[in-house]
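The exercises that follow are meant to be worked through with the sequence and the structure side by side. Try each task before reading its solution.

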Amino acid sequence: MKQKKKLLRLAALVAAAAAAVGAMLIWYSRALSARLEDEIIGTLAEVSGQSAVLLRGEVENMTGTLEDLASVLGQWEEWDPRRAVEELKQVAQNHGLKRMGIITADGHTFATDGAQLDLAARAYFEAGLQGESRVSVGLSDQAGGGRITVYSVPVHRGEEVLAVLFATADTSRYLPMVKL
């Protein structure tokens with residue numbers, strides 16, 4: 001009988017110890033999980049912030065480049081969109097762009113890759129005619145399909161808008177900037 005009581009006491013003690021250890025493990029696991037989650041969220045926030053800075057820099061650089069080009073094109077004594085496109089071919093290649101082009105004020109499009117495009121209905125063209133620069137993300141490419149980003153700026157001669165200068169980049173170009 002005494003031995004049975006001792007065994008029951010020992011079993012109860014072992015069960016209580018196991019329960020205490022189990023409770024401590026559950027508490028520790030939850031605390032560790034919460035801590036890891038906080039660290040992961042912090043790391044992701046930092047990486048996304050860095051990606052946003054890189055993307056903003058890319059957009060500002062490309063827009064600045066196009067504004068500079070548009071300024072030069074607008075100073076030509078004889079405005080010729082076909083000649084402009086010939087001059088832009090090397091620029092497009094140097095910047096890794098899908099294409100660059102000119103949309104004249106009457107809606108005719110001339111592209112560095114020879115693509116036949118109807119861009120007169122695009123919002124960035126209308127904005128360009130009003131003297132505004134635009135960046136349009138996630139558009140469908142009329143020539144060859146796929147998703148593109150379009151940078152566009154007006155080409156001015158004085159107060160007159162002669163055309164809209166545009167550059168397109170495949171959206172996959174930006175993946176290295178946002179990958180973890």
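Accessible areas here come from the Shrake-Rupley method with a 1.4 Å probe. The model to which this is applied is a predicted one, and with that method the protein chain exposes about 11,700 Å², of which carbon and sulfur atoms supply 57%.

**Exercise 1. Describe the order of the helices and strands, and state what share of the residues is buried.**

Solution. Begin by counting the elements: the protein chain has four helices and five strands. Next, read them from the N terminus on, which gives the order α-α-β-β-α-β-β-β-α. Then turn to burial, where 31% of the 180 residues of the protein chain count as buried. Finally, consider the contacts between residues at least 6 apart in sequence, of which 50% join residues at least 24 apart.

**Exercise 2. Find the largest nonpolar core and the elements that give two or more residues to it.**

Solution. The largest nonpolar core has 22 residues, and among those with the most contacts inside it are Leu66, Leu73, Leu97 and Val155. The elements that give two or more residues to this core are the helices α1 (2–74) and α2 (81–94), together with the strands β1 (99–104), β4 (147–157) and β5 (160–170). A second core, separate from this one, has eleven residues, including Ala111, Ala115, Tyr124 and Val164. As a last step, look around Val155: leaving out residues up to four places away in sequence, Val155 touches Ala70, Leu73, Gly74 and Trp79, and also Glu160, Val161, Leu162, Ala163, Val164 and Leu165.

**Exercise 3. Decide whether Thr109 is buried or exposed, and list its contacts.**

Solution. First locate Thr109, which is found in strand β2 (residues 109–111). Its relative accessibility is 16%, and because buried means under 20%, Thr109 counts as buried. Then list the contacts, leaving aside neighbours within four places in sequence: Thr109 is in contact with Ile102, Ile103, Leu117, Leu119 and Phe166.

**Exercise 4. Locate the aromatic pair of the structure and describe its geometry.**

Solution. The structure holds one aromatic pair. Trp76 and Trp79 form this pair, with 6.3 Å from centre to centre and 45 degrees between the planes, and the arrangement is tilted. Now compare the burial of the two partners: Trp76 is buried, with a relative accessible area of 13%, whereas Trp79, with a relative accessible area of 21%, is partly exposed. To complete the picture, the charged end of Arg83 sits over the ring of Trp76, 3.8 Å from its centre.

**Exercise 5. Trace the hairpin of β3 and β4, and then describe the surroundings of Asp141 in the loop between these strands.**

Solution. Start with the pairing: strand β3 (residues 134–140) and β4 run antiparallel and are joined by five bridges. Within this pairing, Leu139 stands opposite Ile148 in β4. Move on to the turn, which has six residues between the strands and in which Gly144 takes a positive phi near 95 degrees. Asp141 is found in the loop between β3 and β4, and Asp141 is buried, with a relative accessible area of 5%. Not counting residues up to four places away in sequence, Asp141 touches Lys98, Arg99, Gly146 and Ile148. Lastly, follow the chain from Asp141 to Ala169, which are 28 residues apart along it, and note that their C-alpha atoms are separated by 9.8 Å.

Technical notes
Residues numbered from 1 in each chain as written. Predicted model: local features only at pLDDT ≥ 70, side-chain atom pairs only at ≥ 80, totals over all residues. Heavy atoms only, no water. Buried < 20%, exposed > 50% of the residue type's maximum accessible area, 1.4 Å probe, protein only. Contact = heavy atoms within 4.5 Å. Core = buried A, V, L, I, M, F, W, Y, C linked by side-chain atoms within 4.5 Å. Phe/Tyr/Trp six-rings, centres within 6.5 Å; stacked < 30°, edge-to-face > 60°. Lys NZ or Arg CZ within 6 Å of the ring centre and 35° of its normal. Pairing = 2+ DSSP bridges.
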